[in-house]
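Q: Hey, could you walk me through this one? I'm new to it.
A: Sure, here it is.

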Protein chains: 2
Amino acid sequence: MMQLPHETIFYLLEKSMKRYRKLAQQKIQDAGFDVSINQLILLMSLRDRPESSQVELAELIFKDFASVARMVDLLVKKGYLKRIESKKDRRKKDLIPSASCQQMLDKLTPVIQEYRGLALNEFSQEEIGQVQSFLKQLIHNCEKHSS
Amino acid sequence: MMQLPHETIFYLLEKSMKRYRKLAQQKIQDAGFDVSINQLILLMSLRDRPESSQVELAELIFKDFASVARMVDLLVKKGYLKRIESKKDRRKKDLIPSASCQQMLDKLTPVIQEYRGLALNEFSQEEIGQVQSFLKQLIHNCEKHSS
DNA sequence: TGCAATTGTATGATATATCAAATATATTTG
DNA sequence: CAAATATATTTGATATATCATACAATTGCA
């Protein structure tokens with residue numbers, strides 16, 4: 001007897017991510033900004049580690065190199081990033097945030113804190129910590145059994 | 001002071017889903033089948049509720065109507081489903097699994113149980129239950145604050 | 001009954017995910 | 001140093017996600 005997909009914890013994981021992303025996207029949009037959560041995460045990660053290559057960014061945000069390359073394309077088109085050939089390693093491109101990018105990130109800080117808080121409302125640090133441990137173990141299990 | 005994206009629980013959620021899907025997809029492929037996990041979940045849900053409309057399927061698997069319509073397209077092309085105009089409600093299409101679909105689902109049953117088991121290895125029912133409660137509350141929180 | 005609102009599906013547009021392959025540059029190694 | 005290998009990015013192809021729109025059929029209600 002097999003559990004149906006929607007009865008398993010995996011579908012709750014998926015559903016919770018989707019609901020969270022929906023909330024986040026809506027709050028970002030309500031605040032008047034034209035970035036997706038994915039793009040925002042990329043920009044925040046880059047702000048934290050300005051030297052990151054696209055490969056490093058991809059690892060940091062669990063995305064494929066190809067996805068990152070295309071997200072950077074879009075962010076360049078939107079005027080939030082510049083791609084400049086690196087002098088140290090000419091395979092690489094330095095990713096330079098524009099002034100409008102910085103402004104946007106600053107203005108979005110309270111928005112991000114708001115939706116994170118709404119999602120995690122009423123949870124204790126202990127609870128969150130327990131779930132985090134669980135997820136880390138789950139990730140470890142999956143990685144152990146897939147190349 | 002704001003946590004960086006990759007320090008939050010949301011990124012562990014995202015990462016764990018990706019790792020799990022990767023494991024599952026690989027096991028399905030190793031078993032010699034040409035469906036994605038998404039397609040498999042759709043087919044399993046449909047097997048459980050053969051009368052489902054595409055709208056109901058979409059709700060069941062947390063996907064958009066448009067996604068489901070396109071997934072059904074692909075499954076029809078692959079020969080796993082037939083779309084037949086419903087007699088009761090001519091807006092609807094009845095989704096009829098082919099014999100090869102049934103066979104595939106039967107053969108995949110142990111595969112699915114295997115990768116679920118690998119991912120959840122060493123967790124107790126209590127732990128899983130706690131995480132499920134957490135996720136349900138998280139989903140509820142997000143839904144409460146987004147339309 | 002007849003029209004308005006709703007429902008089920010399909011499609012278009014764009015963003016992202018994933019795999020594979022191409023290209024350019026760097027690094028290693030014989 | 002030259003050739004093999006590795007790394008960083010880009011691009012192509014296809015699947016999926018999301019929003020919007022379109023259209024047909026159904027339902028609800030005046």
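Q: How much of chain A counts as buried?
A: Of its 147 residues, 32% count as buried, where buried asks for 20 or more other C-beta atoms, placed from the backbone, within 10 Å of a residue's own. Keep in mind that this is a predicted model: local features need pLDDT of at least 70, side-chain atom pairs count only at pLDDT 80 or more, and totals for chains, interfaces and linings use all residues. Residues are numbered from 1 along each chain as its sequence is written, while chains are lettered from A and ligands numbered from 1 in the order in which they are written.

Q: OK, how many helices and strands does chain A have?
A: Six helices and two strands, going by DSSP runs numbered from the N terminus (helices are H or I, at least four residues; strands are E, at least two). The pattern along the sequence is α-α-α-α-β-β-α-α.

Q: And what does the C-alpha trace of chain A span?
A: About 60 × 40 × 25 Å along its principal axes.

Q: Switching to the pair: how many residues does each chain put into the contact?
A: Chain A gives 47 residues and chain B gives 47 residues; residues are in contact if their C-beta atoms, placed from the backbone, lie within 7 Å. On chain A, the elements giving two or more residues are H1, helix H2 (37-48), helix H5 (99-119) and helix H6 (125-145). That side has 24 nonpolar, 13 polar and ten charged residues. Here Ala, Val, Leu, Ile, Met, Phe, Trp, Tyr, Cys and Pro count as nonpolar, Asp, Glu, Lys and Arg as charged, and the others, Gly among them, as polar.

Q: What rotation superposes chain A on chain B?
A: One of 180 degrees, with 0.0 Å of shift along its axis and an RMSD of 0.0 Å. So the relation is that of a two-fold axis. In chain A, A:Val131 has the C-alpha nearest the axis, 3.0 Å from it. The fit is by least squares on C-alpha atoms of residues with pLDDT of at least 70 in both copies.

Q: What about A:Leu13, which residues is it in contact with?
A: Leaving aside neighbours within four places in sequence, A:Leu13 is in contact with B:Leu13, B:Ser16, B:Met17 and B:Leu135.

Q: Last one: which residues come nearest to DNA strand D?
A: Among the 28 residues around it, A:Gln54, A:Ala66, B:Ser36, B:Ala66 and B:Ser67 come nearest. Being near means a C-beta atom, placed from the backbone, within 6 Å of the strand. By class, that surface has eight nonpolar, seven polar and 13 charged residues.

Key:
Contact = placed C-beta atoms within 7 Å. Buried ≥ 20, exposed ≤ 12 C-beta atoms within 10 Å, placed from the backbone.
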